[in-house]
Amino acid sequence: MSDMSLNSRPSSGLLGSALRSPSFMIGFLLTLLFVLAAVISFFWVPYDVTVLNIPNKLKPPSLEHWFGTDIFGRDIFSMIMVGARVSIAVALVAVGIGIVAGVPLGLLAAARHGSLLDEVIMRGNDLVFAFPALLIAIMITAVFGPGAINAIIAIGIFNIPVFARLARGAALSLWTRDYVLAARVAGKGQARISAEHILPNILNLLIVQGTIQFSLGILAEAGLAFVGLGTQPPLPSWGRMLAEHQTLYALAPQTVIFPGLAIVLTVLGLNLMGDGLRDIFDPRLRRAR
Amino acid sequence: MSLLEIDKLSLSIYGLPILRDVSLSLEAGKVLGIVGESGSGKSMTAMSVMQLLPGGSEWSGHIRLDGRSLNECSEKEMCRIRGNDIGMVFQEPMTALNPVQTIGDQVAETILIHTGASKREAKAIAREALNRVGLPEDRFPLDRYPHNLSGGQRQRVVIAMAIALKPRLLIADEPTTALDVTTQAQILTLLKRLVEEDDMGLVLITHDLAVVADMADEIAIMKDGEVVEQGKTVPLFRQMSHPYTKALFEASGHVPERKTHEIDAAKPPVVQVEDVVRDYALPRTSLFSAPGRFRAVDNVSLKIARGENVGLVGESGCGKSTLTRAILALDAIQGGEIRLNGDLFSSAGGGPNIKSRRQVQVVFQDPYSSFNPRHRVDRLITEPFHLLDNPPTGAERRERIVSALTDVGLQASDADKYIHEFSGGQRQRIAIARALIIEPSLIVLDEAVSALDVSIRAQILDLLADLSDRLAVSYLFISHDLSVVRAITDRVMVMKAGKIVEEGPTEDVFLNPQHAYTKELLAATPILDAALSAREARENRNSEG
Amino acid sequence: MLPFLARRIGSLALSLIAASIVIFLVIEVVPGDPASFMLGLNAAPDTVAALRESLGLDAPAFVRYWEWITGMFRGEFGVSYTYKVPVGNLIADRVWVSLPLTIYALTLSTLIAFPVGVLAAARRNSPTDVSIMGVTQLGIAVPNFWFAMLLQLVFAGILRWFSAGGFPGWDAGFWAGMKAMTLPAVALALPQASILARVMRSSLLDTLGEDFIRTARAKGLSRRQALWRHAIRNALIPVLTIIGLQFSFLLAGAIIIERIFYFPGMGSLIFQAITQRDLIVVKSAVMLLVFAVILVTFLVDVTYAIADPRLRRGRS
């Protein structure tokens, strides 16, 4: 598995195979749906989600309110649209942190394989792995108070070792390739080789992992929000929508089912897209499956 | 009645034709050699007999073992035949054994699944089988794991598994290709002995004509999924009625035409290695003692003059790859120094002198991992320009690219292609172009033709000989293959256990080896002509007697 | 085996030290003055001074760190500021809820994932495999707390097989405790089982492509025999890593799920401590959870060596 797509050919016909991969297409469309919902929510939502309308609370789905209303009388459909913004933004930035900090660390560790630096980076990774993301978030919020930024940091920190390990593992196998040796014989230094020969050849892996971490980020953000450590009111968030209606599932199932489905479909979409990309990038694996 | 009869076997995998009308037969106690280059279908023929074909396979024709048609055998019946009536040995001994099971359990398994033997009886039979393949009890108890056995020893375990139940037929698919020559000679002797003792039939699949001439009573030559010629070994090689057989024969013994090179003793040698030492740290065995060290290169000195082609031969683990990496300054050395054209290039504790780096370039073994798949050929071969103070640009760069490509027999238009558009042989030409483009004094050829089929190998050797005649470049030619080294070098060095044990003009060393190890190596190396003459003499003797 | 164990124990100790330093820094050094942080903005200066005194905050950081670590070895975790009882007692009551829940979920997840993964790999590309892959893909996407709510809705709300929440305590009997834990354990286990089943399947498929499987088939083993006798043990090695990681996920997940089911576990303790700014409880509770995770990672490493003779010699 670790060798996956390290040898794949340059992107001839990638679009064609993307269109032919059902899991990529389904995943891509699902993801697109939620990204569009988030983008549109900046310009237009059916109902203002900051206005409470208590008399109108817990209405079942209807033509006016497609997904019904919540305990404060807000339109659940609109809340989900605005909630998509938060989920996607938090997860995206957290993946960004993981890539920006993790990939260079991994490349550096691989370039200096066996050195003290490598050892320190890998031990640090292990240490972060020993803290589940939730515990990191708990500690941060215990000291700095809850909020979206802290959720991002907590999820982002956990993403760093994921990308560092992936980049290091893949880079290590590339450092033994003859073309890297040839580049060294051509006098190129570690930084230059990492940029010219290593990074472009592990990009596929990073993209696939990025998609998967993105989906894990959505789940983690929802979990943090659910326990009150994520985004704070009045900005809606899928996780907190669930938490606020935790006791109302029997009375008003729509308050629990729709936000939950939003999470499931987004995560499913991203995972399917990741799987699809993996197959597209590496035809060898697809044949083996 | 023949032991094995294959009649008009055709095979396709997902509609892609692999074999066409392959017909072969083999008598008990005889050896059938199947020879061909990669992609000729020789392994798939074996897998058809085993009925272990990959998914999507469809085959037609008849396969009969001892008169029993395998066409009618269900998968269940095939399971009873495999391991019991047919044994098989594979190419890659390092991965052929289950790493988490003892060798005893793995050999005993063959017995347990085919006979009603108890565990204890099975172990006893396994022990006997291991003894027969030369793994005696005192050094190879049943409870050893594969990971602390060498490649040759693992191959013996695989053979023990295959012959434990004395099958009628043994199929060996490139059984010695991954092994050193001396180990190869031992394994081949072992196979020959087992065939005689058990009156087995042996199907030996190989790309090596010399091996097959030594081993096989009959030969089938395959190309593109068809048998192009088959017959008794000696007449087949003496007549060679099919042009492909002839081409294969010529390519495998090919010696490129070379001019004699004037050695200019006045100039400093292109490379001078003085007392170089290369140590590796061994894994720690205890927390409290310092890790041990392994000396892979032990005070080696050598010199290569301008225009000289020097060979470095030795078996795996002898330190030749480590020495190569040290000469290329890919690894730091722990003792001695390396000079290029008289200038200090690297020394113990001193990093490589970047100015000297342009004097040496390299061609690696594997044409498939030698190039970044994301770059075009022009970018790939101009990578060494990085070493120049003023790398050429624009029209001059283009000119240099075109001249390097045409030098190695490629087209100017190839510069804009990606590497995956080329075959293995073409890639090796591109690797040579990359090495040539900054006109180094020394090119290190690290097993540069070992991964190529014989016909391609012959072409690349011709190219190398031609370049060395035309350009003032020296070669350090590292190989485990003595016949290749003999064909292309002026002088040869033999390396063993980190030391150079013998060196001298190539022909002298080959005709009159001094060191015992060199003699051993040469004796173990299969040579086509010698094997044929020996077989002929043996057969004549037999027919007279 | 011995040097291997020694090295592993060494790295276990190192990880614990590093983790404790990180926790100590985040909780006691980063906020500046923990005493005024815990008391809030409106506290009177003499109250803060009294708390500083009782917490021993005037001592230098490394002395406090040393006190904390050595105290934990003696079983003293400090006194909770809000509860006014030793943190050790608080944790001891609750760890017997969270830990059994985690282990229950991990066992369920493994028991489900193993046969499902093997089945999918053995029948690869069959309708069985395709449906398993589809269901697990969905399972991965389901957040466990949402799944917990759905389970409550169906099994407590509609079918009334289980109560919707509350933990009777182990005093009420083992089976009563297990019954109360079943819904939360299932909610935790199914999403993780989906991941594990997929890992099991792909690891098994990788192993089935190895040369030694072909050797086994050439000996006369059927496809099924080769799978059971040769592939599974080799395929388990990567699966073990995932099981180790899952412990950490499940432990964290248990903290969330406990809230949905009103369990008096570590989760409720930690979240209460956070709202009350009781840093002393947070510090030791988090340390304990991290200790559990690091210990499990260690056990997984040791299990590796048992599964793989190549590792026993020493170097991994």
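This passage walks through the confidence, sheets, helices and chain contact of a predicted complex.

In this predicted model, local features need a pLDDT of at least 70 and side-chain atom pairs count only at pLDDT 80 or more, while totals for chains, interfaces and linings use all residues. Residues are numbered from 1 along each chain as its sequence is written, and chains are lettered from A and ligands numbered from 1 in the order in which they are written.

The predictor assigns the complex an ipTM of 0.84 and a pTM of 0.84. In chain C, the mean pLDDT (the predictor's confidence in each residue, from 0 to 100) is 84, and 96% of the residues reach 70 or more. Helices and strands are DSSP runs numbered from the N terminus, with H or I over at least four residues for helices and E over at least two for strands. Among the elements of chain C, helix α9 (residues 211-218) has the highest mean pLDDT, 92, and helix α13 (residues 309-312) the lowest, 70. Where pLDDT is low, the predicted coordinates should not be read in detail.

A good place to start in chain B is the mixed sheet, an open arrangement of 6 strands in the order β16-β17-β18-β13-β19-β20. Strands are taken to pair if DSSP finds at least two bridges between them. The edges of this sheet are β16 and β20 (499-505) of chain B, each of which pairs on one side only. From one strand to the next, the twist averages 20 degrees; angles run from 0 to 180 degrees between N-to-C directions, and axes are lines fitted to C-alpha atoms, for helices over the stretch in contact.

Following the strand order, β16(B) and β17(B) are parallel and share 4 bridges, with B:V363 having B:L445 as its bridge partner in β17(B). The pairing of β17(B) with β18(B) is also parallel, over 5 bridges, and here B:D446 lies opposite B:I478 of β18(B). Strand β18 (residues 474-479) of chain B is in turn joined by 5 bridges to strand β13 (residues 309-313) of chain B, again running parallel; B:N309 has B:Y475 as its bridge partner in β18(B).

Strand β17(B) is mostly covered, with 5 of its 5 residues buried; a residue is buried if 20 or more other C-beta atoms, placed from the backbone, lie within 10 Å of its own, exposed if 12 or fewer do, and partly exposed in between. B:L442, B:V444 and B:D446 point one way from the strand, B:I443 and B:L445 point the other way, and all are buried.

Helix α14 (residues 424-436) of chain B includes B:G425. This glycine counts as partly exposed because 19 other C-beta atoms lie within 10 Å. Leaving aside residues up to four places away in sequence, B:G425 touches B:L452, B:I456, B:Q459 and B:I460, where contact means C-beta atoms, placed from the backbone, within 7 Å. B:G425 and B:E439 are 14 residues apart along the chain, and their C-alpha atoms are separated by 22 Å.

Chain B also holds an open antiparallel sheet of 4 strands, ordered β12-β11-β14-β15. Its edges are β12 (293-304) and β15 (343-347) of chain B; each has a single partner strand, so one side of each is left without a neighbour in the sheet. The twist here averages 25 degrees from one strand to the next. Strand β14 (residues 335-340) of chain B runs antiparallel to β15(B), joined by 4 bridges, and B:R339 has B:L344 as its bridge partner.

Towards the start of the chain B numbering, strand β1 (residues 4-13) and strand β2 (residues 16-26) of chain B pair in the antiparallel sense over 7 bridges. B:S12 faces B:P17 of β2(B) across this pairing. The hairpin has 2 residues between the strands, and B:Y14 takes a positive phi near 50 degrees.

The contact between chains A and B draws on 21 residues from chain B and 17 residues from chain A. On the chain B side, α11 (354-357) and β16 (360-363) each supply at least two residues. That side divides into 10 nonpolar, 6 polar and 5 charged residues, counting Ala, Val, Leu, Ile, Met, Phe, Trp, Tyr, Cys and Pro as nonpolar, Asp, Glu, Lys and Arg as charged, and the others, Gly among them, as polar.

Key. Contact = placed C-beta atoms within 7 Å.
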